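The following exercises examine a structure in steps, each with a worked solution. The reader is asked to attempt each task before turning to its solution.

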Amino acid sequence: MSSLERSDVARLAALARIDMSDGDLDRLSGQLAVIVDAVAKVAEVAGEDVPATSHPIPLSNIHRADVVRPSLAQEAALAGAPEAEDGRFRVPQILGEDA
Amino acid sequence: MTDWTRASAADMAAAMRRGEVTSVELTRAHLERISAVDGDVHAFLHIDADGALATAREVDAARDAGEELPALAGVPIAIKDVLVTEGLPTTAGSRILEGWIPPYDGTVTKRIRAARMPILGKTNMDEFAMGSSTEHSGYGPTHNPWDLERIPGGSGGGSAAALAAFEAPLAVGSDTGGSIRQPASVTATVGVKPTYGGVSRFGAIALASSLDQLGPCGRTVLDTALLHEVMAGHDEMDATSLDEPVPPVVDAAHDGARGDLSGVRIGVVKEISGADGGFQDGVKQRFEESLEHLRSMGAEIVEVSCPSFEYALAAYYVILPSEASSNLAKFDSVRFGMRVEKGNVERTMAATRAEGFGDEVKRRIILGTYALSAGYYDAYYGSAQKVRTLVQRDFDAAFADVDVLVSPTTPTTPFKLGERIDDPMAMYLNDIATIPANLAGIPGMSLPAGLAEEDGLPVGFQILAPAREDARLYRVGAALERALTDEWGGALTAQAPELEVK
């Protein structure tokens with residue numbers, strides 16, 4: 001596995017929806033490369049025969065009774081939103097100008 | 001006049017029952033202490049004096065009316081800002097949630113309210129619990145009451161510092177890789193990460209869902225056990241919650257305090273006990289002395305080896321960022337928190353996350369996005385999950401032979417604020433001894449082992465038990481606490497330097 005390049009960090013930041021200035025990329029790229037190199041050793045130890053563990057204490061078929069219960073009032077659900085209108089979350093335009 | 005802020009939670013509760021003090025007096029004493037010292041310590045992000053006093057007045061009135069009350073009714077508590085509290089600001093230490101007031105209570109919040117404990121406020125933490133020093137808080141670091149120039153640990157540094165500074169007798173913490181135990185270690189307090197699923201995570205702002213666990217923090221083992229019983233138990237709002245009885249942790253703490261450990265087998269984990277270097281001399285010295293105490297109470301001490309622990313830190317720093325990058329996608333500038341307008345919704349989202357998240361959060365989101373991306377998934381995430389299996393197998397093999405495992409909680413005493421902030425890998429190494437428990441889902445405790453010879457700063461002793469055997473931590477912990485406090489002539493926190501009262 002190869003180390004992380006500055007261009008990789010720029011691409012990943014775009015995928016993760018985090019704007020990064022040149023200064024951010026300069027600062028974080030070097031640190032991230034060190035971390036990626038350090039964690040790459042996970043691939044050294046476990047062979048094909050070792051199963052993966054996703055949860056420490058596996059439980060299955062966890063259900064609760066299918067009954068109606070009180071939920072957040074619309075007003076409460078919207079109270080923390082940066083902007084709301086007519087009982088809905090209001091967002092900036094979704095499509096670009098020329099769409 | 002008694003300074004109630006120095007008392008244990010158990011003593012406060014008993015004194016209220018005897019009518020020697022009221023909850024209003026206790027709550028006021030802690031609020032005054034917070035006003036006097038928190039300017040320097042900065043353990044709290046938000047203080048709710050009115051709410052705490054209102055609860056205290058209700059408890060006092062109920063007691064006067066002869067009502068039956070829960071064990072800790074009227075004992076004040078602080079809550080880590082990772083847990084949502086209806087009507088009280090909750091930020092998880094992040095600027096992206098500045099000013100957000102949750103419209104609901106987390107399950108643990110509900111249980112604390114049902115236990116009728118006045119909530120003093122919300123404690124500082126590394127942003128979204130990512131860190132070991134609280135220096136990654138969006139609101140400035142917390143300072144260690146033992147030395148204000150030093151870190152209080154993290155991510156739950158605020159909760160631990162509040163206890164060590166006598167601003168609260170009890171606090172809620174959360175532990176994803178050591179965020180309860182490491183702050184307890186560096187502040188000479190007690191902290192427990194329960195078995196995964198032992199305490200509901202509903203309403204705890206998620207960092208890494210397969211690792212996160214809320215837990216109790218206190219100044220004594222018994223106090224921590226009392227809070228553990230308030231917080232724990234099945235909750236159908238959390239699909240990973242164990243539908244089993246709460247382990248008898250309070251009984252175990254009383255049992256351990258009798259000082260008899262005959263027949264208990266204790267394993268020292270070679271890989272996380274400094275056998276191969278990397279641990280401060282004073283830490284190893286206090287650890288060895290604690291082992292001597294355990295031996296003199298009848299325990300048998302053996303060395304065990306967990307070879308895959310060498311890979312635990314690497315596996316953790318793949319699994320945690322992967323889960324975090326997914327969990328933090330909800331901070332999208334639409335439903336709650338900050339919004340930085342910049343053209344369309346997608347550009348607004350990217351601008352908001354750039355402004356609202358700190359560097360550590362950005363590092364881990366990018367790392368997680370990388371580890372989960374096509375072509376790298378098997379090499380990183382897939383391999384890390386296999387290491388997780390190996391760590392579990394090491395624990396299973398060890399616990400087949402011993403009742404509990406022990407190690408120093410951290411390799412060093414608290415370092416200076418700023419010392420490791422630009423070196424993420426050095427910061428991550430703080431958690432080398434605490435991380436394996438989270439990967440395996442087992443419970444762990446840290447309690448004070450004394451002060452290191454070379455710098456006079458706190459050293460923590462870690463105890464680990466098999467899943468669902470949380471009570472063993474309390475039995476062994478209470479026994480060791482008794483032996484050590486007999487030697488010290490009282491609690492270690494009493495030796496902390498006096499803070500300047502303002």
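Two strands are said to pair if DSSP finds at least two bridges between them. The model treated here is a predicted one.

**Exercise 1. Strand pairing**

Determine how β2(B) and β3(B) are joined, and place them in their sheet.

*Solution.* Step 1: β2(B) and strand β3 (residues 119–123) of chain B are joined by four bridges. Since at least two bridges are required, the two strands pair; they run parallel. Step 2: within this pairing, I79(B) has K122(B) of β3(B) as its bridge partner. Step 3: the sheet is open, has eleven strands with mixed pairing, and follows the order β1-β3-β2-β4-β6-β5-β10-β11-β9-β7-β8 (chain B). Step 4: the edges are formed by β1 (44–47) and β8 (300–304) of chain B; each has a single partner strand, so one side of each lacks a neighbour in the sheet. From one strand to the next, the twist averages 25°.

**Exercise 2. The surroundings of W100(B)**

Locate W100(B) and classify its exposure.

*Solution.* Step 1: W100(B) lies in the loop between β2 (77–80) and α4 (107–114) of chain B. Step 2: W100(B) has 18 C-beta neighbours inside 10 Å. A buried residue needs 20 or more, and an exposed one has 12 or fewer; W100(B) therefore counts as partly exposed. Step 3: leaving aside residues up to four places away in sequence, W100(B) touches P89(B), T90(B), T91(B), F336(B) and G337(B), as well as G80(A) of the other chain. Step 4: G87(B) is 13 residues from W100(B) in sequence, and their C-alpha atoms are 9.3 Å apart.

**Exercise 3. The contact between the chains**

Describe the side of chain B that touches chain A.

*Solution.* Step 1: chain B contributes 58 residues to the contact and chain A contributes 47 residues. Step 2: on the side of chain B, α13(B) gives the largest share, twelve residues. Step 3: by character, the residues on this side are 32 nonpolar, 16 polar and ten charged.

**Exercise 4. A helix pair across the chains**

Classify the packing of α2(A) against α12(B).

*Solution.* Step 1: helix α2 (residues 22–39) of chain A packs against α12(B) at an angle of about 55°, and the axes are 11 Å apart. Step 2: the two helices are therefore oblique to each other, and the crossing is right-handed. Step 3: L28(A), Q31(A), L32(A) and I35(A) meet D359(B), K362(B), R363(B), I366(B) and L367(B) in this contact. Step 4: these residues divide into five nonpolar, one polar and three charged.

Notes
Residues are numbered from 1 along each chain as its sequence is written. Chains are lettered from A and ligands numbered from 1 in the order in which they are written. This is a predicted model: local features need pLDDT of at least 70, side-chain atom pairs count only at pLDDT 80 or more; totals for chains, interfaces and linings use all residues. Two residues are in contact if their C-beta atoms, placed from the backbone, lie within 7 Å. Ala, Val, Leu, Ile, Met, Phe, Trp, Tyr, Cys and Pro count as nonpolar, Asp, Glu, Lys and Arg as charged, and the others, Gly among them, as polar. Axes are lines fitted to C-alpha atoms, for helices over the stretch in contact, and angles run from 0 to 180 degrees between N-to-C directions. Angles under 35 degrees count as roughly parallel, over 145 as roughly antiparallel, 65 to 115 as roughly perpendicular and the rest as oblique. A crossing is left-handed if the near helix is turned anticlockwise from the far one by less than a right angle, and right-handed if clockwise.
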